[in-house]
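I opened my notebook to look through this structure one piece at a time. Come along and check each entry against the picture.

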Amino acid sequence: MTAKKLLAALSLLLPLASYAQSISPAQIEQFKQLPRAQQEALARQYGVDLDSVMGGRNNSARRPENIQIVEPVSSISDEEREKARAEKQQEDEEAEKNGGLKPYGYDLFAGSPTTFAPVTEIPVPANYTLGPGDVLRIQLWGKENQNLELPISRDGSISFPQSGPMSVAGLSFDEARQQIKKRVSEQYIGVEASVSLGELRSMRVFVLGEARNPGSYSVSSLSTITNALYVSGGIKQTGSLRNVQHKRDGKLLGTLDLYDLLMAGDSSEDSRLQPGDVVFIPSVGKRAGIDGEVYRPALYELNGENTLAELVEMAGGLTSQAYPQRINIERTNEDFLRIIAEADFTTSKGRQARIKAGDKVEIPSISDVTGQYVEVAGAATRTGKFAWMPGMRVSSLLQNLDADLMPTADKRYAAIVRTDQETDTISVLNLRLREAIRQKGGNEDLLLEEKDRILIFSDAGKVEGGEEGRNFTRESLFSPVLQRLKSQANPANPQQTIRISGPVRYPGEYPMPATRNLSDALFVAGGLKDSASLYQAEVARYDIDESGMGQTRIINVNLTDAMAGNTNLKLESRDKILIKSIPDFAKTRTVELKGEVRYPGQYTFRDGETLKEVLERAGGLTENAFPKGAVFSREKLRQLEAQRLREAEERLQGDLLGVQLEGDNFSGQSANRTQEVKDLLEEVQGSEPVGRLVIDLASVMTDPDYQSIRLQDGDTLTVPTIPQSVTVFGEVQFPTSHLHQAGLTVDDYLERSGGPTRQADESRVYVVKADGSVMLPEKSRWFGGRSQQLEPGDTVIMPIDVDRLNQLELWTNVSQIVYQIALGAAAVGNL
């Protein structure tokens with residue numbers, strides 16, 4: 001230690017001895033910069049507790065922190081993101097050119113590293129070369145106990161306390177350890193030393209060539225070639241994985257074949273780097289692709305002359321589904337044309353076939369299981385192919401209906417699609433599944449043949465929305481079978497299909513049953529519905545007559561006899577079976593009686609039954625009934641009335657637009673007319689159709705000459721109680737109802753409602769009677785001077801004067817419709 005350094009250290013430590021509690025952080029940091037040996041020597045000399053100065057920690061035992069060589073990447077810039085996107089697009093385009101194959105191995109270094117700090121606590125190799133920046137840890141024990149951390153300075157030496165400097169740079173770690181032990185034994189009597197390597201130095205190396213991010217990088221002194229590749233982001237797909245070069249001072253020290261590391265885990269060529277070393281990645285060499293039944297289909301870089309066996313080995317070998325006897329090799333010949341060669345991989349010659357640059361090898365798969373098998377498909381819990389043995393039956397595969405079938409499966413019926421080994425044609429056998437499983441070995445437990453395919457269908461009654469069983473309908477599973485049956489048909493063997501329609505559970509097209517019986521065909525279609533007629537059915541058959549002309553023949557069938565097997569009818573190709581329904585099966589028609597009926601309610605009536613007959617069944621009318629005011633509504637009339645309202649609304653909307661566009665041509669009356677049209681339009685939009693049919697209920701009940709009212713489904717009869725009022729509607733001052741008084745005329749009731757308004761048309765007043773009929777005025781005077789007396793339940797209508805409103809003649813009819821609907825609704829609502 002020089003005198004200048006000693007004085008600086010004393011200036012730091014003297015305050016520590018006297019004012020240990022008032023040491024500034026700057027003084028502590030300055031003291032920490034001294035070598036460890038000097039810190040300990042000065043602390044002993046001046047009696048200072050070194051641990052208290054260093055913050056309560058024994059710095060000699062402190063574990064060195066990992067050096068973060070590469071700063072974390074907190075975010076990716078837009079430029080880097082665009083660059084990555086462009087590279088990805090280019091790689092996808094290259095893969096598309098090669099049939100979807102991508103180069104092998106480039107994802108080893110995929111991704112951008114956030115940190116790179118190799119573990120420093122691994123055992124240091126004995127041949128590790130020391131250099132400036134490394135720290136040696138020396139533990140002395142015996143007569144004197146000390147822990148020293150001696151950094152190697154820039155001049156390549158370390159400084160021992162109470163001893164001179166010692167040059168260690170350029171020595172191997174083992175050589176430096178031996179020299180240090182020798183010096184300690186010579187200069188410290190009774191003291192032994194243990195030497196280890198502490199913090200490692202960082203060094204700068206270069207990664208150049210086809211690296212994703214070429215440049216210079218600071219790495220740990222223990223770093224290898226692969227560490228440097230990782231720091232640089234890996235190798236681009238244009239770079240070679242098999243010829244990564246390690247250079248020093250312009251000379252090639254060695255190469256690294258990453259295929260050895262990827263495929264065999266061999267890192268023996270992953271040499272350690274020195275400061276200034278260069279990792280150079282040349283362009284990729286020749287490549288060949290391999291696809292098909294191998295475990296790693298990809299493009300592989302060739303290393304010299306490779307054989308087919310070596311390429312298959314690089315691809316992980318053949319899968320169990322590979323067909324090795326006919327391997328296709330697609331290559332470019334001397335005329336730059338793509339040709340296809342074949343190689344038998346089971347022979348030595350085939351395995352030694354040479355692979356050239358640009359070759360694409362296709363390993364085919366076995367087209368199907370060539371051994372003995374049967375297959376189960378559809379709504380079964382275990383589908384797929386199973387080994388076939390002679391004598392195997394259906395119950396050998398499906399032993400329990402609940403365990404082997406899905407809950408949505410149809411447990412009554414299944415189908416067996418059988419392939420003729422000689423002609424390669426198919427046929428379909430019907431399988432009564434429940435009987436086959438329950439009576440193992442019985443007639444329904446059919447013997448299976450090689451390559452039989454058992455189709456298990458779903459039951460529509462058990463399938464709910466979104467369930468898997470919806471995919472196993474008869475239509476979906478039979479579709480490829482029907483297509484095959486149609487394609488294999490010829491004049492000698494007509495198309496073996498039939499079609500069933502009518503009240504069966506699953507109408508549609510089906511394969512011809514092997515028995516050709518009508519009962520079996522209906523069983524395939526799920527059986528008859530309860531609406532099916534058992535007496536009549538039709539079979540439409542297409543025949544060719546003696547002249548060679550096609551014709552359709554209709555065959556009537558007694559379905560009861562056919563189901564019992566008492567008919568000789570056999571189905572033929574393309575037969576169309578029509579099952580007829582029972583006329584008006586389970587069809588119920590009802591009429592609702594409401595109001596003042598002895599026994600009101602919803603009555604079911606027979607075809608042709610009249611309103612009078614149903615009223616008699618209901619006990620007739622009560623004493624409080626008012627038959628003149630009865631409202632009889634019909635659904636068809638309600639629909640017609642709704643249509644009339646829609647038409648009136650559309651026409652009123654057009655008239656409203658016309659009035660608005662016409663402008664004020666009548667001395668300021670345009671705004672009034674516009675508002676009147678709007679009011680009428682709102683009434684139309686707010687009206688609910690009633691569908692009222694005007695009837696005289698009293699005559700219906702008592703007059704035998706009155707036209708009978710034949711009921712229709714949905715009819716409604718509402719009989720109100722005896723009314724006591726007369727209602728006044730329309731353009732009067734106060735539209736309301738008045739208590740009926742004998743002797744009062746139309747004019748009397750109009751006067752009681754305040755008389756007509758300015759918009760009223762007094763010449764067209766009319767009365768709607770309680771039964772819904774309309775009493776119109778005569779051409780001259782109203783009912784002999786409008787003095788006719790009214791009856792309870794009548795309604796007086798004062799219409800609007802449409803003549804003064806500029807061609808809006810529609811309003812009269814519209815207002816009558818609205819009033820009629822309102823009266824009918826009011827009669828129903830008053831009950």
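**Entry 1: the cores.** I began with the largest nonpolar core, which has 61 residues. I noted the members that touch the most other members: Val394, Leu433, Leu448, Ile456, Phe478, Ile500 and Ile577. Strand E20, residues 409–419, gives the most to this core, with six residues. I then looked up one of those well-connected members, Ile500. Leaving out residues up to four places away in sequence, I found that Ile500 touches Pro507, Gly508, Tyr510, Ala521, Leu522, Ala525 and Ile577. A second, separate core has 42 residues, including Tyr106, Phe109, Ala228 and Ile363.

**Entry 2: the whole chain.** I should write down that this is a predicted model. The chain has 831 residues, and 41% of them count as buried. I listed 23 helices and 37 strands. I also looked at contacts between residues at least 6 apart in sequence: 63% of these join residues at least 24 apart. The accessible surface comes to about 45600 Å², and 47% of that belongs to carbon and sulfur atoms.

**Entry 3: helix H6.** Next I picked helix H6, residues 173–187, and asked how far apart its end C-alpha atoms are. They are 21 Å apart, which agrees with the 21 Å that 15 residues should span at 1.5 Å a residue. Which residues of H6 are buried? I found Phe173, Ala176, Ile180, Arg183 and Val184. They cover an arc of only 100° around the axis, so they lie on the same side of H6. On the other side of H6, Lys182 and Glu186 are exposed. I followed the buried residues of H6 to their partners, and they pack against strands E1 (135–142), E3 (157–159), E4 and E5 (191–197).

**Entry 4: Met166.** One of those partner strands, E4, covers residues 165–167 and holds Met166. Is Met166 buried or exposed? Its relative accessibility is 6%, under the 20% cut-off, so Met166 counts as buried. Not counting residues up to four places away in sequence, Met166 touches Gly156, Ser157, Ile158, Phe160, Gln179, Ile180 and Arg183. Ile180 and Arg183 are familiar names, since both are among the buried residues of H6. I also checked Met166 against Ala176: they are 10 residues apart in sequence, and their C-alpha atoms are 9.7 Å apart in space.

**Entry 5: strand E14.** I moved on to strand E14, residues 327–332, and compared its two faces. Ile327, Ile329 and Arg331 form the covered face, while Asn328, Glu330 and Thr332 form the uncovered one. Six bridges join E14 to strand E15 (338–343), and the two run antiparallel. In this pair I found Glu330 opposite Ile340. The hairpin of E14 and E15 has five residues between the strands, and there Phe336 takes a positive phi near 60°. E14 also pairs with strand E17 (360–363), in the antiparallel sense over three bridges. Here Asn328 stands opposite Glu362.

**Entry 6: a five-stranded sheet.** My last stop was an open sheet with mixed pairing, and I copied down its strand order as E29-E28-E32-E30-E31. Which strands are at the edges? They are E29 (601–604) and E31 (692–693), each of which pairs on one side only. For E29, I looked at its pairing with strand E28 (590–595), which is antiparallel over four bridges. There, Leu593 stands opposite Gly601.

Definitions and conventions: Residues numbered from 1 in each chain as written. Predicted model: local features only at pLDDT ≥ 70, side-chain atom pairs only at ≥ 80, totals over all residues. Heavy atoms only, no water. Buried < 20%, exposed > 50% of the residue type's maximum accessible area, 1.4 Å probe, protein only. Contact = heavy atoms within 4.5 Å. Areas by Shrake-Rupley, 256 points an atom, 1.4 Å probe, with all protein chains shown as cover. Core = buried A, V, L, I, M, F, W, Y, C linked by side-chain atoms within 4.5 Å. Pairing = 2+ DSSP bridges. Expected span 1.5 Å × (residues − 1). Arc of directions from axis to C-beta.
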